[in-house]
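Welcome! Please take a look at the sequence and the 3D view below, and then work through the exercises at your own pace.

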Amino acid sequence: MGLPAVWGATAVTYKWACPMAQNNGLGARLASSAVFLAVGAGLVLQVRQVMLQEVRQARRIAGAAQSVLLRPLPARIDGLATAAAQLSADRGATVGGDLYEVIATEHGVRVVMGDVRGHGLSAIGTVAAVLGSFREAVHDEAELTGVLARLDRALARHLRDRARAEDTEEFVTVLLLEIAPDGEVHALNCGHPWPYLLSADRAELMAGADPLPPLGVFPLPAELPATPCGRLLPGEALFLHTDGVEDARDGEGRFFPLPAALAEAVRGRPISPHSVLRAVFTQLLRHTGGRPKDDVAILIIRNDRLIRAAAAYRGAGTCTIGPPGPAADTPPVVPGP
């Protein structure tokens, strides 16, 4: 307030103390107008500077809060290389309705990928409730089913509290994975897209049993066995995503060709999580004209561990690695820029 007070005092002093300000001639009026214009411009510039400083401070605080909620993943977690990114549908926000986390525990590396109904800033409260529960449950629960039950209870409490203030219906799709030290993978899927397995020159959908309903829609069944999905061999990677990736459309309403984009990203080169992430995001933004209409999250996990005789083994289970559709024998064609 110091500088605006000085500007105001200058204007008042000029008006009452300067003889020219008392003169009604044309020259005096022009001089008075110039003085008051300068005073007004100074006040406007000062207010603008203060507002810009407050906006920068608010952005720094919001960025710090968002990074705590959806914290950056380390490059390596217990022998697994990771890369992840998220794009919110709300401008200026780095966190929306998508969530992911990877945590090493005594039970193995546990992964969550989820998508809250809706998008943008309105879904952040639900994201916080699910991620907070996951970060505690993965260490406490010996079985993956126990982790999912904890997430379901935490979400139910959050939705009850929110229902008191808002008349909204909300649910969350969730994919839970557990990767054992030998690379064996187990999964629980509640309405979420299955991941893709990336190997040498191939990108194949990991198709399991029919997913359960999303959390928040129906109670979980009493019997909830995790689905065995075989082993993630050294050098192979899992590509996890939210439905905002496959549902992204271009100007003509065509969906984003994710299988073709993945096949192009791994063709003729070793699998690098960061390279695949960059390639898919580049094609996605090109496809949507620079801004998807829904939140987008991608997580890539590559097995960098050395497993004895792993190359000769692929565990049997109800999850199968297979093509995403009947036309999988046709080589994918990636549209050019």
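The exercises below each give a task and then a worked solution.

This is a predicted model, in which local features need pLDDT of at least 70 and side-chain atom pairs count only at pLDDT 80 or more, while totals for chains, interfaces and linings use all residues. Residues are numbered from 1 along each chain as its sequence is written, and side-chain values use heavy atoms, with hydrogens and water left out.

**Exercise 1. The whole chain**

Task: Find how many helices and strands the chain has, and what share of its residues is buried.

Solution:
- Step 1. Helices (H or I, at least four residues) and strands (E, at least two) are DSSP runs, numbered from the N terminus. The chain has 8 helices and 12 strands.
- Step 2. Buried means under 20% relative accessible area, exposed means over 50%, and partly exposed lies in between (1.4 Å probe, protein chains only). Of the 337 residues, 44% are buried.
- Step 3. A contact means heavy atoms within 4.5 Å. Among contacts between residues at least 6 apart in sequence, 73% join residues at least 24 apart.

**Exercise 2. An enclosed helix**

Task: Work out why helix α7 counts as largely enclosed, and what covers its buried residues.

Solution:
- Step 1. Helix α7 spans residues 258-266, and 7 of its 9 residues are buried, so the helix is largely enclosed by the rest of the structure.
- Step 2. Its buried residues are L258, A260, A261, L262, A263, A265 and V266.
- Step 3. The cover over them includes the strands β7 (196-199), β8 (202-207) and β10 (237-241), along with the helices α6 (243-246) and α8 (273-288).
- Step 4. Just after α7, G268 takes a positive phi of about 70°.

**Exercise 3. The nonpolar core**

Task: Name the residues with the most contacts inside the largest nonpolar core, then list what V276 touches.

Solution:
- Step 1. A nonpolar core is a set of buried Ala, Val, Leu, Ile, Met, Phe, Trp, Tyr and Cys residues joined through side-chain atoms within 4.5 Å.
- Step 2. The largest one has 73 residues, and L176, L198, F239, L262 and V276 have the most contacts inside it.
- Step 3. Leaving aside neighbours within four places in sequence, V276 is in contact with L198, F239, L262, A265, V266, I271 and I300.

**Exercise 4. A buried strand and its partners**

Task: Decide which way each residue of β10 points, and find which residues stand opposite F239.

Solution:
- Step 1. In a regular strand the side chains alternate between the two faces of the sheet. In β10, A237, F239 and H241 point one way, L238 and L240 point the other way, and all are buried.
- Step 2. Since 5 of the 5 residues of β10 are buried, the strand is largely enclosed by the rest of the structure.
- Step 3. Two strands pair if DSSP finds at least two bridges between them. β7 and β10 run antiparallel and are joined by 3 bridges, with Y196 opposite F239.
- Step 4. β10 and β11 (residues 296-303) also run antiparallel, joined by 5 bridges, and here F239 stands opposite I300.

**Exercise 5. An open sheet**

Task: Give the order of the five strands in the open sheet, and say which strands stand at its edges.

Solution:
- Step 1. The order is β3-β4-β5-β6-β9, with antiparallel pairing.
- Step 2. β3 (98-105) and β9 (227-231) stand at the edges, each with a single partner strand, so one side of each is left without a neighbour in the sheet.
- Step 3. Within this sheet, β4 (residues 108-116) and β5 (residues 172-179) pair over 8 bridges in the antiparallel sense, and R110 has E178 in β5 as its bridge partner.

**Exercise 6. Two buried aspartates**

Task: Find what the side chains of D98 and D250 reach.

Solution:
- Step 1. A polar contact is a pair of N or O atoms within 3.5 Å; within protein, one must be able to donate a hydrogen and the other to accept it, and residues adjacent in sequence count only if both atoms are side-chain atoms.
- Step 2. D98 lies in strand β3 and is buried, with a relative accessible area of 1%. A polar contact of 2.9 Å joins its side chain to that of T242, and a polar atom of the D98 side chain lies 3.3 Å from the backbone nitrogen of A297.
- Step 3. D250 sits in the loop between α6 and α7 and is buried at 14% relative accessible area. Its side chain has a polar atom 3.0 Å from the backbone nitrogen of E252 and reaches the backbone nitrogen of G253 at 3.0 Å.
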